[in-house]
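Subject: A structure for you to explore

Hi there,

Here is the structure I promised to send you. Have a look at it first, and then read on for what I found.

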Amino acid sequence: MADNLSDALKKLKITTTDSTADSLEGCLDCLLQALAQNNMETSEKIQKSGVLQVFGSLLTPQSSCTAKVANIIAEVARNEFMRNPCVDAGLIPPLVQLLNCKDQEVLLQTGRALGNICYDSHTLQSQLINMGVIPTLVKLLGIHCQNAALTEMCLVAFGNLAELESSKEQFAYTNIAEELVKLFKKQIEHDKREMIFEVLAPLAENDVIKLQLVEAGLVECLLEIVQKTVDSDKEDDVAELKTASDLMVLLLLGDESMQKLFEGGKGSVFQRVLSWIPSNSHQLQLAGALAIANFARNDGNCIHMVDNGIVQKLMDLLDRHVEDGNVTVQHAALSALRNLAIPVVNKAKMLSAGVAEAVLKFLRSEMPPVQFKLLGTLRMLIDAQAEAAEQLGKNIKLVERLVEWCEAKDHAGVMGESNRLLSALIRHSKSKDVIRTIVQSGGIKHLVTMATSEHVIMQNEALVALALIAALELVTAEKDLENAQLVQILHRLLSDDRSAPEIKYNSMVLICALIGSEPLQKEVQSMAFLEVISKLRSHENKTVAQQASLTEQRLAVES
């Protein structure tokens, strides 16, 4: 066999265009046999012989040997060490050209060869994309959809290429969505559907393709799969239920595709998704809640859903997951409620439906994602809702938990949301009782720290809350404000040229309120505030300049 191989390699090496097809075929068959017996060793010999360079000239649509040459290239390129030599031998351009030929065997082997050479190499895959293989492959899928091997080759190629961002724009200009959905509808075998899913998932990350998939009827296919697999315990069915419902949620992340499926809340897809929420399958509960969170991305949809009873469904779902509940379902249901609470008209309706109480049941949760969504939901609910803010702000358990989470250094999101909710309870309630509860629970120092946040919106929320504390309960909070070094922080904010105008304005309002306290007034006087504030009288922002004049007068009177 070794001698035969050496002879075959020698013959191929000296091959000229006038060689007979038969003698070439014999050499190529010999190589394929050797590769089948020991791929790695044969590949090394092929590389050393320099025959790869000859293959480029043999890859022509007219030649009867083309399919075998492409097959040999596909086999040697299964070895990682052979991929660069194939590229260096200039095999990629002639292979790409062959994707335009009509012979199905040539197409199959060419696809395999390109797939193996470019396997795991984003650089080479990008090169293929730039050479225009995507529209060519999509066309092939349409023409040869009856050929199972060619179809599979196209799907494997799409799966690899779709991972690259640059491919998605090209895919969007083809009818890939239509072809994949058509193919999907014909599949009975689970494995084949899984292959198509592996292409659909990365493609569906692109908003243009999302809409194309919806218009091509993918959603109906997904709903059918959910219906068939929801009551099954079979491993394949459970996996397929997850894949189908996850993909459904992904399609709803696009604004246009989401709105098309919502259909003013009358859409059959929206109604089917609603029926997932009371399901006994955790996977469907999760997908249903995430879908609602995605539908709840504009005010019109949110208002319609709240008016049509979605809140009760989500609260019932949360109730099923209070004790030892499924964390992902808790997180998804809270996300949906948070989004639904954004429109002003929904807040009072949701509060009277008991959403705050339902959410508070998760205060004991030790899971940061759940804590984060819980805080966000409460913050949305109490926005401009004085009564609710007061009720929650007097809830000692809640306030103590917030103060604890304000120190969650490992979870910046939870820490930030806890601070923001603490501030919101004061800003929206303007209640002395709430301030006293927060002082007793040790929350003041966190609000002072929040005033130094790198986010202007958080700084501002903190300063407004602190100004209300100083105006309503200065004596109660005096000691804590002093210990937290608020006066020094305000001096720093006013001296810093980078502070936003609203930060300077609110800092001065706060200074005016603080001088009602003797110890804090002494601190203000000891820190040469007048000098800093007099400079701000000529600030380019009129409101800041006016407040600087007022503050200067107040400080002058008090000194």
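Below I go through the empty spaces first and then some pairs of packed helices.

Please keep in mind that this is a predicted model.

**Empty spaces**

A word on the idea behind this part: rolling a probe the size of a water molecule over the atoms shows where empty space is left.

Let's begin with the largest pocket, whose volume is about 400 Å³. Its lining is made of 22 residues, and those closest to the centre are G111, G115, N116, V156 and A157. Four elements each give two or more residues to this lining: helix 8 (104-117), helix 9 (122-130), helix 10 (133-143) and helix 11 (148-161). Which of them gives the most to the lining of the largest pocket? The answer is helix 11, with seven residues. If you sort the lining of the largest pocket by class, you get 13 nonpolar, five polar and four charged residues.

The second largest pocket has a volume of about 310 Å³. To find it, look for M415, N419, T449, M450 and M458, which lie nearest its centre and belong to a lining of 14 residues. Two helices, helix 29 (412-429) and helix 31 (444-450), each supply at least two residues of that lining. Helix 29 has the largest share, with four residues. Here the classes are five nonpolar, seven polar and two charged residues.

How many cavities of 30 Å³ or more does the structure hold? There is one, and the space in this largest cavity comes to about 30 Å³. You can pick out its lining by selecting L141, C145, E179, K182, L183 and K186. Helix 13 (residues 176-186) gives the most to the lining of the largest cavity, namely four residues. By class, the lining of this cavity holds three nonpolar and three charged residues, with no polar ones.

**Packed helices**

Now for the helices. Two packed helices are described by the angle between their axes and the distance between the axes. I picked three pairs for you to try.

The first pair to look at is helix 3 (residues 39-49) with helix 6 (residues 80-88), which pack at an angle of about 25° with their axes 10 Å apart. Angles under 35 degrees count as roughly parallel, so helix 3 and helix 6 are roughly parallel to each other. Their crossing is left-handed. On the helix 3 side the contact is made by M40, S43, E44 and Q47, and on the helix 6 side by F81, M82 and P85. The residues of this contact divide into four nonpolar, two polar and one charged.

Next come helix 12 (residues 165-172) and helix 15 (residues 207-215), whose axes come within 9 Å and cross at roughly 40°. Are helix 12 and helix 15 roughly parallel or oblique to each other? The angle is roughly 40°, and angles under 35 degrees count as roughly parallel while 65 to 115 count as roughly perpendicular. Helix 12 and helix 15 are therefore oblique to each other. The crossing of helix 12 and helix 15 is left-handed. K168, F171 and A172 of helix 12 make the contact with V208, I209 and Q212 of helix 15. Four of the residues in the contact of helix 12 with helix 15 are nonpolar, one is polar and one is charged.

The last pair is helix 30 (residues 432-440) and helix 32 (residues 456-483), with axes 10 Å apart and an angle of about 25°. Helix 30 and helix 32 are therefore roughly parallel to each other. Helix 30 passes helix 32 in a right-handed crossing. From helix 30, the residues K432, I435, R436 and V439 meet L468, I469, L472, E473, T476, A477 and D480 of helix 32. By class, this contact of helix 30 with helix 32 has six nonpolar, one polar and four charged residues.

A good way to start is to colour the lining of the largest cavity, L141, C145, E179, K182, L183 and K186, and then turn the view around.

Enjoy exploring!

Best wishes

How values were computed:
Residues are numbered from 1 along each chain as its sequence is written. This is a predicted model: local features need pLDDT of at least 70, side-chain atom pairs count only at pLDDT 80 or more; totals for chains, interfaces and linings use all residues. Side-chain values use heavy atoms; hydrogens and water are left out. On a 1 Å grid over the protein atoms alone, a cavity is a set of points where a 1.4 Å probe fits but cannot get out, and a pocket is an open set with protein on both sides within 12 Å along at least five of seven lines; lining residues have an atom within 4 Å of a point. Grid points are joined across faces, edges and corners, and a volume is the space filled by probe spheres set on the points. Ala, Val, Leu, Ile, Met, Phe, Trp, Tyr, Cys and Pro count as nonpolar, Asp, Glu, Lys and Arg as charged, and the others, Gly among them, as polar. Axes are lines fitted to C-alpha atoms, for helices over the stretch in contact, and angles run from 0 to 180 degrees between N-to-C directions. Angles under 35 degrees count as roughly parallel, over 145 as roughly antiparallel, 65 to 115 as roughly perpendicular and the rest as oblique. A crossing is left-handed if the near helix is turned anticlockwise from the far one by less than a right angle, and right-handed if clockwise. Contact means heavy atoms within 4.5 Å.
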